[in-house]
Amino acid sequence: MRPLKRLTSREASRRQALAEGQVVPDPVRCIQCGICSYNCPADIDVRQFAWRGEPVTDHRCILCGECVARCPRGTLRIQAGVPVRAAL
Amino acid sequence: MPPRFVIVGHGPAGRSAAETIRSREPGAAITIVSAEPDPFYSRPGLAYLLANEIPEKQLFSRSEDQDRTLGLERIHAQAVAIEPEAHLVRLSDGRELPYDALLLATGSKAILPDVPGNDLDGVVTLDNLPDTRHILDVVRRARRRGSQAGAAVVVGGGITALEVVEGLLSRGVTTHYLLRHAHFWSNVLSEQESDLILHRLREMGTQIHLESDLARIDGRGGRVTAVETSGGETIPCSVVGVAIGVRPQVGLARDAGLRVERGVVVDDGMRTSAPDVFAAGDIAQVVDPRTGQATLDILWPTAIATGRVAGANMSGGDLHYAKAAPFNFARLAELPITIIGQVGTGRADADMVAAGRGASEGWETNEPLRSVVSTEPPELQRWVLRGNRLVGAVLLGDQRLAEPLRDLIEHQTDIGPIRETLLAPDATTAEAITVFAGLSRVTAA
């Protein structure tokens with residue numbers, strides 16, 4: 001595979017994975033401190049999802065990972081989606 | 001007439017009960033009585049407010065609008081008595097609240113040290129939001145008066161003591177930490193784990209005084225000016241942070257004639273000995289089916305879980321609380337730590353007079369269990385085995401094994417196939433645990 005094609009193929013896969021990925025909480029770890037919501041650049045109230053134990057389904061989520069990194073209790077992780085097409 | 005539910009206490013247990021009741025009983029009258037004026041907030045989050053990681057308003061996870069939508073009536077008052085026969089709660093403002101079902105979720109309260117000067121302004125705990133505001137206020141006032149007076153002395157153990165130490169450090173306060181013996185949290189952590197944390201605390205700038213105890217607190221004009229230690233040392237300071245343990249607030253239940261031991265005795269439906277009276281959270285003493293022992297958990301997830309069971313059963317449900325292996329995750333000296341199941345060292349903790357916040361009595365054990373330690377500085381991992389079962393684990397630093405270990409401990413999985421690998425930890429151990437936990441989950445499903 002030529003370098004350019006390889007690059008675009010990898011980027012397409014990454015985007016697809018991100019598009020299908022979600023931030024998912026482990027509610028047992030969440031103490032509702034709100035650090036996740038405070039640091040979300042898209043102003044999503046992430047902790048409400050964590051309280052309910054639901055993935056962050058807000059369409060504004062860009063999977064930047066800020067909430068995951070800031071959570072002091074390790075509550076959040078990004079669950080990447082499985083790319084439907086591995087390459088273009 | 002719609003059913004009337006009264007909840008005393010607005011912590012995680014009270015809150016989860018209220019929301020559970022509302023989801024089952026759209027028309028019910030739900031009243032939450034709280035001695036604190038603030039709406040529901042994250043008590044563990046106080047550490048992050050103290051450390052200046054979030055502003056105060058961020059602690060409130062529910063808006064006034066949400067409370068209105070849920071139709072929750074909040075009353076700021078102290079519940080002074082309950083009358084189980086009459087199905088009535090008496091409040092400090094003279095009001096009487098009749099109920100069809102009552103939840104006691106009064107939480108626990110920090111204990112003060114029994115030394116002269118313990119009532120001076122500047123002696124602080126990290127129990128609630130007013131306490132945290134008070135600490136920040138004392139620090140601000142002290143800073144205005146000069147740097148020497150701005151110092152703080154912290155006594156106690158467990159998670160809360162370090163939250164106070166780290167919070168004060170991050171506010172630029174010179175912080176002294178007194179420990180009665182040579183180790184930190186000695187009933188839960190091994191000496192090696194304690195040494196790692198104390199080493200990091202020193203590196204962060206904490207002045208640690210080992211084998212040193214609080215003898216008296218000196219003051220002038222009602223305010224703290226210094227601490228005198230058992231070794232005769234005088235440490236000038238304006239703040240004395242205390243985290244020597246908490247006591248469940250069981251007075252209401254005891255006065256009403258409910259069955260009370262160290263906590264309020266409840267069955268697995270969170271029912272107390274009085275009809276239509278339930279208890280949840282820190283005060284609920286419930287039997288752990290794993291050990292047959294009734295233990296107290298001062299843990300946030302336990303409070304939520306017991307609150308949900310209580311809320312469901314108050315509104316006609318039949319849920320049973322299955323006590324899980326006690327679990328908590330925290331940051332100690334900026335190092336993540338997970339504690340699961342029975343991990344106790346069998347030693348006593350000289351710095352605590354009762355269980356601390358974020359701790360479970362279920363961690364402690366007097367059984368001679370086999371512990372295995374895997375070291376890769378600055379990280380420590382310890383797992384505890386009883387025969388072919390993992391019963392506990394402590395992960396300090398790297399957290400990748402937290403979930404697989406929790407799975408294996410929670411499900412009491414027979415770890416026979418990887419037992420030898422666990423007993424001789426090396427580079428392949430982590431992989432073995434992860435793979436085995438994954439396989440067990442698939443098999444169980």
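**Questions on a predicted two-chain model**

The mean pLDDT of chain B is 91, with 97% of its residues at 70 or more.

Colleague: What ipTM does the model score?

Modeller: The structure is a predicted model, and two scores describe it as a whole. Its pTM is 0.88. The ipTM is 0.84.

Colleague: How many residues does each chain bring to the contact between chain A and chain B?

Modeller: On the side of chain A that touches chain B, the residues divide into 6 nonpolar, 3 polar and 3 charged. The contact takes 12 residues from chain A and, from chain B, 16 residues.

Colleague: What radius of gyration does chain B have, and why does it agree with a compact globule?

Modeller: The C-alpha atoms of chain B fill a box of roughly 65 × 65 × 40 Å along the principal axes. A compact globule of 445 residues would have a radius of gyration near 22 Å, and the value for chain B therefore agrees with that expectation: 23 Å.

Colleague: What share of the contacts in chain B with a separation of 6 or more comes from residues 24 or more positions apart?

Modeller: Chain B contains 11 helices and 26 strands. Buried residues make up 50% of its 445 residues. Among contacts with a separation of 6 or more, the share from residues 24 or more positions apart is 66%.

Colleague: At what angle do helix H1 and helix H8 of chain B pack?

Modeller: Two packed helices are described by the angle between their axes and the distance between the axes. For H1 (residues 12–24) and H8 (residues 300–314) of chain B, the axes lie 7 Å apart. H1(B) passes H8(B) in a right-handed crossing. The packing angle is about 35 degrees.

Colleague: How do the residues of the contact of H1(B) with H8(B) divide?

Modeller: H1(B) contributes residues including Ala13(B), Ala17(B), Thr20(B) and Ile21(B). From H8(B) come, among them, Trp300(B), Ala303(B), Gly307(B) and Met314(B). The residues of this contact divide into 11 nonpolar, 6 polar and 3 charged.

Colleague: Which residues of helix H9 of chain B are buried?

Modeller: H9 of chain B spans residues 402–410 and is mostly covered, with 7 of its 9 residues buried. Just after H9(B), Gln412(B) takes a positive phi of about 45 degrees. The buried residues of H9(B) are Ala402(B), Pro404(B), Leu405(B), Arg406(B), Asp407(B), Leu408(B) and Ile409(B).

Colleague: Is His87(B) buried or partly exposed?

Modeller: His87(B) lies in the loop between strand E4 (79–83) and strand E5 (88–91) of chain B. Its phi is near 55 degrees, a positive value in a residue other than glycine. A residue counts as buried at 20 or more other C-beta atoms within 10 Å. His87(B) has 19 such neighbours, so its class is partly exposed.

Colleague: What is the phi of Glu334(B)?

Modeller: Most residues other than glycine have a negative phi. Glu334(B) sits in the loop between strand E22 (327–332) and strand E23 (335–341) of chain B, and is partly exposed because 13 other C-beta atoms lie within 10 Å. Its phi is positive, near 65 degrees.

Colleague: Which residues does Thr345(B) touch, apart from those up to four places away in sequence?

Modeller: Thr345(B) is in the loop between E23 and strand E24 (370–376) of chain B. With 20 C-beta neighbours inside 10 Å, Thr345(B) counts as buried. The residues that Thr345(B) touches are Ser186(B), Asn187(B), Val188(B) and Ser190(B).

How values were computed: Residues are numbered from 1 along each chain as its sequence is written. Chains are lettered from A and ligands numbered from 1 in the order in which they are written. This is a predicted model: local features need pLDDT of at least 70, side-chain atom pairs count only at pLDDT 80 or more; totals for chains, interfaces and linings use all residues. Two residues are in contact if their C-beta atoms, placed from the backbone, lie within 7 Å. Ala, Val, Leu, Ile, Met, Phe, Trp, Tyr, Cys and Pro count as nonpolar, Asp, Glu, Lys and Arg as charged, and the others, Gly among them, as polar. pLDDT is the predictor's confidence in each residue, from 0 to 100. Axes are lines fitted to C-alpha atoms, for helices over the stretch in contact, and angles run from 0 to 180 degrees between N-to-C directions. Helices (H or I, at least four residues) and strands (E, at least two) are DSSP runs, numbered from the N terminus. A crossing is left-handed if the near helix is turned anticlockwise from the far one by less than a right angle, and right-handed if clockwise. The radius of gyration is taken over C-alpha atoms; the globule rule is 2.2 Å times the number of residues to the power 0.38. A residue is buried if 20 or more other C-beta atoms lie within 10 Å of its own, exposed if 12 or fewer, and partly exposed in between; C-beta atoms are placed from the backbone.
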